[in-house]
Amino acid sequence: MKGNTSWSSWKLCLLSVLILTDTIAAVKLQPNLIIPAVIAFGDSIVDTGMNNYVKTVVKCDFQPYGINFQGGVATGRFCDGRVPVDLLAEELGIKLNVPAYFDSKLNPKDLLTGVSFASGGSGYDPITPKLVTVISLEEQLTYFEEYIEKVKNIVGEKRKDFIIANSLFLVVAGSDDIANTYYTLRARPQYDVDSYTTLMSDSASAFVTKLYGYGVRRLAVFSAPPIGCVPSQRTLGGGILRDCADTYNEAAKLFNSKLSPKLDMLRKTLPGIKPIYINIYDPLLDIIQNPANYGFKVANKGCCGTGAIEVAVLCNKITSSVCPDVSSHVFWDSYHPTEHTYKVLVSLLINKFIDQFV
């Protein structure tokens, strides 16, 4: 991790602040529901800057990324502004932004209220992060072990256990496995789509089980999105008219059909765990197919550059212009939604699953 801070010197002051500070949640939580932190694992959808510290081409710590973030700063979020982990933390009254675990400005209070370990380009398939040299889910767990130890040093064993057991953990992965590893790069030629999505769902189940071993109990595991309808995949697999790439979407749906029952099985076999399956596929597809119903005008192209292929280093202020009205677009670049789209999705989904953690 970048930057070494003397954690112990913060303890007394920090604990006093936490005791005296009341946070008002936008979502009305049940009286017996306490969520002290939001913590994320996965890929670029919830990466808040981890890849800034990794030697990879999957980066976005430069403009025009971040043009709608506070101060117009490119933080390493693959978006014009904030991403789902930030928005959920705000809705729950925890904080406005969830920093990356590698953030050099990280302080003890950040640790106690949540960080993101997610790395853009990662996935459930262990080959996926290796192809683009990013942080694998297994490596994210290693950093999570460090995190647990730091939290224990700040607040003690008992409070640490409470934070881990009661925080909201997001697991968001699968898009890069399907779009990049399987279809674009053809890196798993020995697998057909059925066996590959089984590999993915088995890996997702194993990852959640490992989190359970660390004391994690409340998890929101996101489905794969309609990946064939994101602009870059339309360009690569949608033909001359850039229609949605149906084969990609079918793979996503097949994976989702396996992921949901895997989580149901874990709920039955691991005492106390509450893994909630978050169906992101259907609401995002509805936004893409009916953009005007949600206040959008453009759903088949991103806002950055031509909107057809630009993502990460290809979306830059030197070679890429930005559309006049970002909020009119469902997608920011050719792969990732705009902050406005994320806000719509969070508002549609949050009340459907938060109370399930009681």
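Q: Which pattern do the disulfides of the protein follow, with bonded cysteines counted along the chain?
A: Happy to start there, noting that this is a predicted model. A search of the whole structure finds three disulfides. Counting the bonded cysteines along the chain, the pattern is 1-2, 3-6, 4-5.

Q: What is the handedness of the disulfide of Cys-229 and Cys-244?
A: The two sulfurs are 2.0 Å apart. Cys-229 sits in the loop between β3 (218-222) and α9 (231-237) and Cys-244 in the loop between α9 and α10 (246-269), so the bond ties together parts 15 residues apart in sequence. The torsion about the S-S bond is about 120 degrees, so this disulfide is right-handed.

Q: Is Cys-244 buried or partly exposed?
A: Its partner Cys-229 has 1% relative accessibility and counts as buried. A residue is buried under 20% relative accessible area. Cys-244 has 21%, so this residue counts as partly exposed.

Q: What is the handedness of the disulfide of Cys-303 and Cys-323?
A: A disulfide joins these cysteines, with an S to S distance of 2.0 Å. Both lie in the loop between β5 (298-302) and β6 (329-331), so the bond ties together parts 20 residues apart in sequence. The torsion about the S-S bond is about -100 degrees, so the link is left-handed.

Q: Why is the sulfur of Cys-60 not in a bond with that of Cys-315, and what is the distance?
A: Cys-315 is joined to Cys-304 by a disulfide. A disulfide needs two cysteine sulfurs within 2.5 Å. The closest cysteine sulfur to that of Cys-60 is in Cys-315, and it is too far for a bond, at 8.9 Å.

Conventions: Residues numbered from 1 in each chain as written. Predicted model: local features only at pLDDT ≥ 70, side-chain atom pairs only at ≥ 80, totals over all residues. Heavy atoms only, no water. Helix = DSSP H or I, 4+ residues; strand = E, 2+ residues; numbered from the N terminus. Buried < 20%, exposed > 50% of the residue type's maximum accessible area, 1.4 Å probe, protein only.
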